[in-house]
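Student: I would like to discuss how the descriptive terms for a structure follow from their definitions. May we take them one at a time?

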Amino acid sequence: MQKNKVYNWQLNRDMSYVYEEARPEKQFAAVFDINKCIACQTCTMACKQTWTTGKGQEYMFWNNVETKPYGFYPLAWDAKMLDLMGMQKWDGDKYAGKTIFEAAPKGNITQGYMPEELDYAYPNAGEDEPYGEGIKQGDYITMPHRIWHFYLPRICNHCTYPACLAACPRKAIYKRKEDGIVLIDQKRCRGYRECVRACPYKKSFFNKITRVSEKCIGCYPIIEGGEQNQCVKVCIGRIRLGGWLSAPDKADPSNPIDYLVHVKKVALPLYPQLGLEPNIYYIPPVHVKAPYMKQMFGPNVDKAIDAYKDAHKDETLLGVLTLFGCAEKRIKRYEVDKEMVIAYDSEGKEIVKVPLKDPVFIRPFHDKTLNVYRHNIT
Ligand code: SF4
Ligand code: SF4
């Protein structure tokens, strides 16, 4: 069934897929800096209020934020997938295991499973639950932390090789040429739920009332107007930056997403080994032990973390990281000049200009005019 060979740059090899390689003109993408997420769920609520307030959508979270390692939505989605896939391995930068397309049982397009209704009943399971050894008297903090957890915000990855699209027997799912956003044609869908079974990230949902499947639409009406997605705009922690990602051989260092993913390689895909070439990228948390991080983000985690820790020595990286949460418009290009980062939209218009370091003003401890003493002078 998987007759075509396509190139997956995240695996650094060709892989089998149902359809031929067809990259869009521009690929919708975003980078989430996990080090800054506080699990306030503002993104979850903004997405819910914008897109999933209808009947049958009550349980849907196109955007959710789960605590790792014990949080999941739906329950145990990644643990179940990893279990189904069994032991796989990387050979350096090259994936030497099977993808979900290559590991598909006979007669199926992908390896996968259908969640049960109760799996969706605990969206905040495991919230704030840490992993690790108990704290003993005299313990102090070391890096990576011995007791840790982190928050993982998730939306549909608008994958380059979507499993939902591959598995749909009605060809109701399509990837838009102009921006790579993956959509379900509600009129063609007959609610067979093959997309729900196939998507390893479990980001396609079945609506029991309308009897068709639904998923994150990448806020396409907002994107078409040149703006950032709802979840990016509202993010309290300013952890998100939306934009466009080029194929690695066409990477443009002046595009902030290309810079983070392809040039500096500080942002990594989620479970790349599954083979979908997902397009939401994560800056991994610096305080978490390497084996868990490598399983989740691939073999280049250590390098990504080292580059991120050294950002204060790298003006360009610092500049791009400063852009997170700074603009409502989508950024096409940026430049760093005289300790400022300047971002431009697709028409070349300046959108925002931000200093790399916040200016500090020091007021006198003793204010002679008012004859008062200040304890807070900065
Ligand atoms: S994350 Fe799932 S629903 Fe989204 S494009 Fe990929 S396979 Fe489809
Ligand atoms: S709004 Fe931002 S900081 Fe808050 S949970 Fe969502 S991603 Fe994390």
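Student: What makes the shell around ligand 2 nonpolar, polar or charged by class?

Tutor: In this predicted model, the shell around ligand 2 has eleven nonpolar, three polar and no charged residues. The classes are fixed by residue type: Ala, Val, Leu, Ile, Met, Phe, Trp, Tyr, Cys and Pro count as nonpolar, Asp, Glu, Lys and Arg as charged, and the others, Gly among them, as polar. Residues are numbered from 1 along each chain as its sequence is written, with chains lettered from A and ligands numbered from 1 in the order in which they are written. Local features need pLDDT of at least 70 and side-chain atom pairs count only at pLDDT 80 or more, whereas totals for chains, interfaces and linings use all residues.

Student: Which residues come nearest to ligand 2, and which elements give two or more residues to its shell?

Tutor: Of the 14 residues around ligand 2, the nearest are Cys-37, Cys-40, Cys-43, Cys-235 and Gly-237; a residue is near a molecule if its C-beta atom, placed from the backbone, lies within 6 Å of it. Helix 1 (42-51) and strand 9 (150-154) each give two or more residues to this shell. Helices (H or I, at least four residues) and strands (E, at least two) are DSSP runs, numbered from the N terminus.

Student: What is the corresponding description of ligand 1?

Tutor: Ligand 1 has 14 residues around it, of which Cys-156, Cys-159, Pro-162, Cys-164 and Cys-199 come nearest. By class, its shell has nine nonpolar, three polar and two charged residues.

Student: Why is Lys-187 called exposed?

Tutor: A residue is exposed if 12 or fewer other C-beta atoms lie within 10 Å of its own, buried if 20 or more do, and partly exposed in between, with C-beta atoms placed from the backbone. Lys-187 has 7 other C-beta atoms within 10 Å, and is therefore exposed. Lys-187 is located in the loop between strand 11 (182-184) and helix 4 (194-198).

Student: What makes strand 4 mostly covered?

Tutor: Five of the five residues of strand 4 (residues 64-68) are buried. Asn-64, Glu-66 and Lys-68 point one way, Val-65 and Thr-67 the other way, and all are buried.

Student: How do you know that strand 4 and strand 9 pair?

Tutor: Two strands pair if DSSP finds at least two bridges between them. Five bridges join strand 4 to strand 9, and the two run antiparallel; the criterion is therefore met. One of the bridge partners is Arg-154 in strand 9, opposite Asn-64.

Student: Why are strand 17 and strand 19 called edge strands?

Tutor: Three strands form an open antiparallel sheet in the order 17-18-19. Strand 17 (333-337) and strand 19 (350-355) each pair on one side only, and are the edge strands. Strand 17 and strand 18 (residues 340-344) pair over five bridges, with Asp-337 bridged to Met-340 in strand 18.

Student: What packs on this sheet?

Tutor: Helix 10 (residues 315-322) does, touching strand 17, strand 18 and strand 19; two residues are in contact if their C-beta atoms, placed from the backbone, lie within 7 Å. Buried residues of helix 10 include Leu-317, Val-320 and Leu-321.

Student: How do you know that the chain agrees with a compact globule?

Tutor: The radius of gyration is taken over C-alpha atoms, and the globule rule is 2.2 Å times the number of residues to the power 0.38. For 378 residues a compact globule would have a value near 21 Å; the chain has 22 Å, which agrees.

Conventions
Axes are lines fitted to C-alpha atoms, for helices over the stretch in contact, and angles run from 0 to 180 degrees between N-to-C directions.
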